[in-house]
Amino acid sequence: MRPLKLRLVAFGPYAEEQIFDFLELGENNLFLMTGNTGAGKTSMFDAMCVALFGESSAGQAGRLARDMRSDFARGDLLTEVVFDFSLGKNNHYRAFYAPEQMRRKKKGDGFVKVNASASLHSLPESGAPELLAEGVRGTKEKIEGLIGLDSSQFRQVVMLAQGQFRGLLEADSQSRERIFESLFGTRQFAQIEKRLKDQAAEVQGLHRDAQRTLTVILEGVGCDSLQNLRDEIARREAEIIELLEQEKQAEKHLISSQEALVAGEKGNQQLQEAEENLTALNELQSQKGSFDNKRQQLHDAEKAATLTPLYSEQEKRRNESELVSKRLEKSKVELERVTIECGQAEGLLKAAEKNRSSIERLKRDRQTLEGKMSKLSEYTLGKKELTHAEEQSQKARKEEEESRVDLEKKRMILNNTRQDLLKLREANQDLRAIEDAGKRIRSLIDMHQSIATLNKEINAHSLLVTNALQVVENQKDTLTKNKEGLGEILASWVDGQAARIAKGLKSGDPCPVCGSPDHPAPQYESGESVTDEQLAQQEKKVAFNEDLLEKRREESKKLQDNHNKLKTRHETIEQTIRSETEFSLDELIAQREVLKKRYQEVLQIKTDIERFEKEVKEQEQNESEQQDVVEKLQAVMHRVAGDVIKVKATVDSLERDIEEKYRDQDVLTADIGAMTLKISTFETQLDLATRKYRQEHEDLTKKSEQVTGATSELERCHRAFEAARHDYLSKLNSSLFENEERFLSAVLDEDQLLEFRASIEAYNAELLTSEERYRRSSSLAKGKIFAHLDHLQHVLGEAKVQFDSRQEIRITHQATRDGCEKERARGELEQAKIDRLDSQYKTLGKIADVANGNNNKRTSFHRFILQTLLDEVLEVASHRLKTMTNQKFYLSRDDGLRDARKQSGLDLILTDTFTGTQRSVKSLSGGEGFLAALSLALGLSDVVQSHAGGIKLDTIFIDEGFGSLSPDALDQVIDVLNGLSGEGRLVGIISHVPELKQQIGAQLQVVEGVGGSSAFFKV
């Protein structure tokens, strides 16, 4: 990281804008910052840290970013920092940060709070900047990712801040490990450690799970071993074959019983259907007379349907004429009534028109009084506001004083809490070292316990091996006996074959065996001869026992291999324990208890630190909030005082505009109310009379039109009735009906007609269907008699019970056999897995232990890499330290194991070549410590840049520390720094030492003024 330009606004002692353009240095890579104490030299470093991380160069223990606002700045000028920097040659970036602050309101008095903001842009060679991150948290995380350092690490390796330049030198092992991880990217080695450890633990877990699963499988089927399970499966196979044959016989009997029952049920059903169909046919034939009457009634109704429309039209016209006549009489009565009411409404309207002039005069008088009412309301309200504003002014002044007192109390509490937090941090110890030691002891205890478990497993396997060897011997004996039996059977079978051939010999015909035509001593059968089937069966038995012997030998070999593997694991763990520790299991358990107690003590300190840090944050927030409250109350106090003056002026002005009589609101309200009542009364009377007259006149016109229309409608209805009556009577006289009464009695509505037709058609169809059904069923039932179904069902039930019983027994045996077969396959898979995991863990477990620090050096793979890098850094740092101390001092890594519970760390030790002694770096004096810290920072920078893909640290800033050096040491330091600047690295120094001003030509001079400081480069 190399700075390009730094722009400050209202920051620290700089009241306005201040720009530090590092390009003005040109080829001068070493520069000195000069100026009076407090002028603002360190503020440049603070601004860089604020722009990058939102913290000052002193970190969270120093001033916060919001405390960096300039006391000289104008109220409307916001504090902000813009920092341009490069990473390599072509990667340029711009970081922006504006802390939380108060800004003067744009309108009115007072201030408003502005939240903190931040952003990061990339600066391409051409084109606009590109936004990479926005927001305080997101920007900080992005910058840490780019630079490879967080704020604390940045201050330790890039910026040796005032009072903190010994941070990296005296950092504990864990802090130095985190810095080296970030700078050299060694986190991958820690991940390798963890991956190896996880893989070894995974293999162990899988082995335990597989062994446990195999045991559960065998216990579930009630067998001691996989071989016993295989024998059980073979036995059950033979039983199932016999049960299947029994099931077939029962099934044949069941099928024949079912066929007999079905035939009986079918015959009975056919006989029953024939009887039912005959009954139904007789019932339908008995209804024939009733349906003949229905047919005649339907015929008359269809003839009457031709007269029905004419009759309906006549009745419709008759009813219409009667309705219109009634409506005409009613309209004539209403016309007379409306005529009288219209005359009365006209008289009322003329009387109300006389009050129009009085209404206009009353409205003008009321408007005048209402204008006074609005002023009176403003006057009354203003007096109340004035009283309230005076009370608020006194209240605001009192609250502002109380808030100031609370603010001072909160600041005092915050300072006390910070002091307590610093004391706790000093008392804090290395919790991680205790955890590492605890993990190592737990691992050793697990190994001891594993040995006890393995002893049990080895004893159990010894018994299994002995039993397996005995089974092999027994199987050998069985096979020998079977082979002897086969020899005897084979000899008997050969004799039998000779006898059969001899039976077919004829004198003079050649023998099929020897070819001789003479047969002096043919073979004769003696007793029962052996058949081919008996010989084949014995041969299969011998082959089966040979296969079984081979399986028993393989099982015995696997058991012996497992036994040997267990013994090997036992020896490996014992050897590991002997190489790792000399303590017994009880001693390790005691050590673990001590560690637990110590861990809880240190953990309590950690807890207290976290609690105090939380309290500090809460108290800082409370202080900030209280400061906001004070400032807000001050603004309220000033605003309320101005409100009092404004309200009083308004009240005085209104008092002059209101007459004495009408300052009493009740009097003014009563006069306005009286006028309003008169106006309302007159207007209501006029409005009612006008509406009444209009309504009555409209009703009169409407009623007249109704009488005229009803008269015309009545005449039309009479004519229509006479025409419809003539058409109906003409049609009735020409029909078959004697009179109107006979016609009306024959009329049926449409639903009744449909019902008659449907019922007649349904009867005819049902009668035909019933006759056909009876004919068909009687034909099928001819010659049949009813069967005894109870007996047939009883026979079927017994057959089904027998079949179900046979089937259930067979299914139960098959399910048991299938379960055993499934468990055998699972067991064999688990056994194969156990064998594979044993072989895998033998190598992987040892590698994982060594990589994770379970070795003589108690050094993990990751820690070994870091130690190697630290040795390389210390070699380069010591070269410079020797130069700056006349070969007196050099740095090295403390390789001794001072605490058996900790791994070999990354602690530093200083060697004094003049006295030949070694001592802690924390014991160095101020000048010695400065030289050692500077050497370490420069050595770290050199080594980081020498590693491919590392972070380029081409800038270092040093704030003070030179005053503690002797003149010779100072000259040597300057020579070293000049050498660095010649290598292209930017070196910035803050110091008041006069010799430095004379030896360093490029300077950044900070000038203190009445209104703030300013700075400029002088090359």
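Me: Why is E830 called buried in this predicted model?
Reply: The relative accessibility of E830 is 13%, and buried means under 20% relative accessible area, so E830 counts as buried.

Me: What makes K833 partly exposed?
Reply: K833 has a relative accessible area of 30%, and because partly exposed covers the values between under 20% and over 50%, K833 belongs to that class.

Me: How do you know that E830 and K833 meet in a salt bridge?
Reply: Their side chains come to 3.7 Å, taken from N to O, and since a salt bridge asks for a nitrogen of Lys within 4 Å of a carboxyl oxygen of Glu, the pair qualifies. Both residues lie in helix α16, three residues apart, which is about one turn of the helix.

Me: Why is the contact of E100 and K113 called a salt bridge?
Reply: The N to O value for E100 and K113 is 3.8 Å, and the cut-off is within 4 Å, so this pair is a salt bridge as well. E100 lies in the loop between β5 and β6 and K113 in strand β7, so the pair ties together parts that are 13 residues apart in sequence.

Me: What makes the pair of E828 and R230 a link between distant parts of the chain?
Reply: The side chains of E828 and R230 meet in a salt bridge at 3.0 Å, N to O, and the pair joins helix α16, which holds E828, to helix α6, which holds R230, 598 residues apart. Both residues also belong to a network of salt bridges, which includes D231 and R824.

Methods
Residues are numbered from 1 along each chain as its sequence is written. This is a predicted model: local features need pLDDT of at least 70, side-chain atom pairs count only at pLDDT 80 or more; totals for chains, interfaces and linings use all residues. Side-chain values use heavy atoms; hydrogens and water are left out. Helices (H or I, at least four residues) and strands (E, at least two) are DSSP runs, numbered from the N terminus. Buried means under 20% relative accessible area, exposed over 50%, partly exposed in between (1.4 Å probe, protein chains only).
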